[in-house]
Amino acid sequence: MIKLKGSFAPYLGLLIRFLMLLLIYAFLRLGFYWFNYSLFPNISADQLLYMFWGGVKFDIVALLYLNVLYLLMQIIPAPFKYSTTYQNIAKKIFIITNSIGIALNLADFAYYPFTLKRTTGTVFDQFSHEQNLGSLALDFCMDYWYLFVLLAVLIYILVKIYDLVYIVRPKSFKWTAYGIQTACFLFGIFLFIGGVRGGWAHSTRPITLSNAGDYVTNPEEMNIVLNTPFSLMKTLKAVNLKPIHTYTPKELTAIYNPIHYPQSKEPFKKMNVVFLILESFAKEHFGELNKDIQDGNYRGYTPFLDSLIREGFTFEHTYANGRKSIDALPSVITGIPSIGEPFVLSVYSGNKTTSIAKLLGDEGYETAFFHGAPNGSMGFSAYMKLAGIQHYYGKNEYNNDADFDGIWGIWDEPFMQYMAKEINTFKQPFFASFFSLSSHHPFKVPAKYEGVFPKGPLPVQEPIGYTDNALRQFFKTASKMSWYRNTLFVICADHATVSALPEYQTAANSFAIPIILYTPGGELKGRSDKLAQQIDIMPTVLNYLHYDKPYFAFGFDALNPTKENFVVNNNAGIYNFYYKDYLLINDGRKNLSLHNLKDDRFMKQDLLKLSPRVLDTMETKFKAFEQQYNNRMIDNKLIYEGE
């Protein structure tokens, strides 16, 4: 035990305990890196040490915020702070608040592979509508029991660290002591302000997530520098976009215009449209889309969808616009990507929007959405109302808990059979969208299918095989129905997920998903060596149907043979901007790196200073997108309002 005496004793004790906390956070950072080692390839020891050095700044901020009450209790210049009762209360506050901080960091040991970012403030809204949080929490505890053991050990160490320092109560508290401690109090406030801001200079902006980019060479490595309490506290406040005026309105429209005009003089083709959005079906899991992997021997886990790809139409380079389920629906249904935070959780979610469902509904289509989770899960039912969906079918409407998976909702196979039968009651033409759920943590399959599907190196791959088979049964049932042959099916994933193949452990391919168009009879068949993304689905389908009115969508018609389109996705404020063979990574303020994905699949060479002409072209297009996105969000101009 370290006994400290004198007027400076409380402040020296604070310093010792704070330094010990920094050591714990360094250990947590090391654990985070070790736990997710495969997701951070090619980091040298020197680079890792530099990231740890940079992480100290973020740890200081997080610890200052977490311990603000405890710090105030200790630096206040008053004699009563030496009382046993007062110090016992202070100790409890210290242990509780710092235990929460440790627990948050440990949670991201397991959660990070699914989102590829530190947990942010949107997590509260993301799960606010879930009715099965208890089951999810229990399942998490069972799967990651060792993290709870580690938490208990670290809390024990935390208590021992606290007890290591003992402040001796002075026999008397004189005016000199008041003077010294008042000066220390004011100096402590000064240090606190500088600490939480990241500096004292007038030009210093409060430290934020993007500042971690100063210590890394690749954007994904910023998550090593950051810690989870910092990421949470810095994102609790909603993102407010800033207006951009890089280009004049005329220049902006010439570079990039999200207003789509009719491209065909042929009459509107009133085909049925069915969207099948598949949970966590990353492109990595498809054998047909990875024929160049493992010397052509990679088979994947989706035999049915592979067969459908051979009879349908797809693209060589297809991406999600986000990393979470909550990002997917606005992208696919509305043509609006999430930038910085999920669109449906942002302050702009109340903007007027259109959607493919609304536009087709205005043309006489019956519209519906199917999701086997309890109604309200993920906020989907509320969003569907905003998107103009007429009918919502969830677990409540299914009304048979015999097919409940115990966690998320109705197993995909019976729910898709239910969907086929419900669709069969619709008046044609119709629009229907489905969102699967069985290929989700805890990665189970129904008891009768245990051992049927390959498990693979990732837990998600067995349930992906199950859902692939559920799709086979759905198409088998649907093919016997009158509406089937007059239907355009669009199949895509909501987002990519954890990866086993090195080819998908890159900033570019961490967003890679399938996008498949299928028409029974093979009217659409083949492949295009072109970029495509979720926000392209709406304009692609509408143009394929020869929709004859102007409309708004941020994406492009992917069936248009020109290659002047681009793809954009965003994770935790970091932009990936794809154009032709290139990927530009930008943090919203500056370019971070440039890569040729065709020649450099693993993104080992940064061309930022080597390809100025390519960079100039991509910057122009990226800035145009950013200006259109920000200004239209701010000005509530997400619909076509006429000339």
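Biologist: What makes Lys 455 count as exposed?
Modeller: In this predicted model, Lys 455 has 52% relative accessibility. Exposed means over 50%, so Lys 455 counts as exposed.

Biologist: And its partner, Glu 462: why is that residue called buried?
Modeller: Glu 462 comes out at 9% relative accessibility. Buried means under 20%, so the label fits Glu 462.

Biologist: How do you know that Lys 455 and Glu 462 meet in a salt bridge?
Modeller: Their side chains come to 3.1 Å, N to O. The cut-off is within 4 Å, so the pair passes.

Biologist: What about Asp 548 and Lys 549, why is that pair called a salt bridge?
Modeller: Here the N to O value is 3.5 Å, and the limit is again 4 Å, so this one counts too. Asp 548 has a relative accessible area of 42% and Lys 549 has 36%. Partly exposed covers what lies between 20% and 50%, so that is the term for Asp 548 and for Lys 549.

Biologist: What makes the pair of Lys 580 and Glu 564 a tie between parts of the chain?
Modeller: Lys 580 forms a salt bridge with Glu 564, the closest N and O atoms being 3.5 Å apart. Lys 580 sits in the loop between strands E14 and E15, and Glu 564 in the loop between strands E12 and E13, so the bridge ties together parts 16 residues apart in sequence.

Biologist: Which residues do salt bridges with shared partners join into one network?
Modeller: Glu 288, Lys 291, Arg 310, Glu 316 and Arg 527. Searching the whole structure gives 20 salt bridges.

Notes:
Residues are numbered from 1 along each chain as its sequence is written. This is a predicted model: local features need pLDDT of at least 70, side-chain atom pairs count only at pLDDT 80 or more; totals for chains, interfaces and linings use all residues. Side-chain values use heavy atoms; hydrogens and water are left out. Buried means under 20% relative accessible area, exposed over 50%, partly exposed in between (1.4 Å probe, protein chains only). Helices (H or I, at least four residues) and strands (E, at least two) are DSSP runs, numbered from the N terminus.
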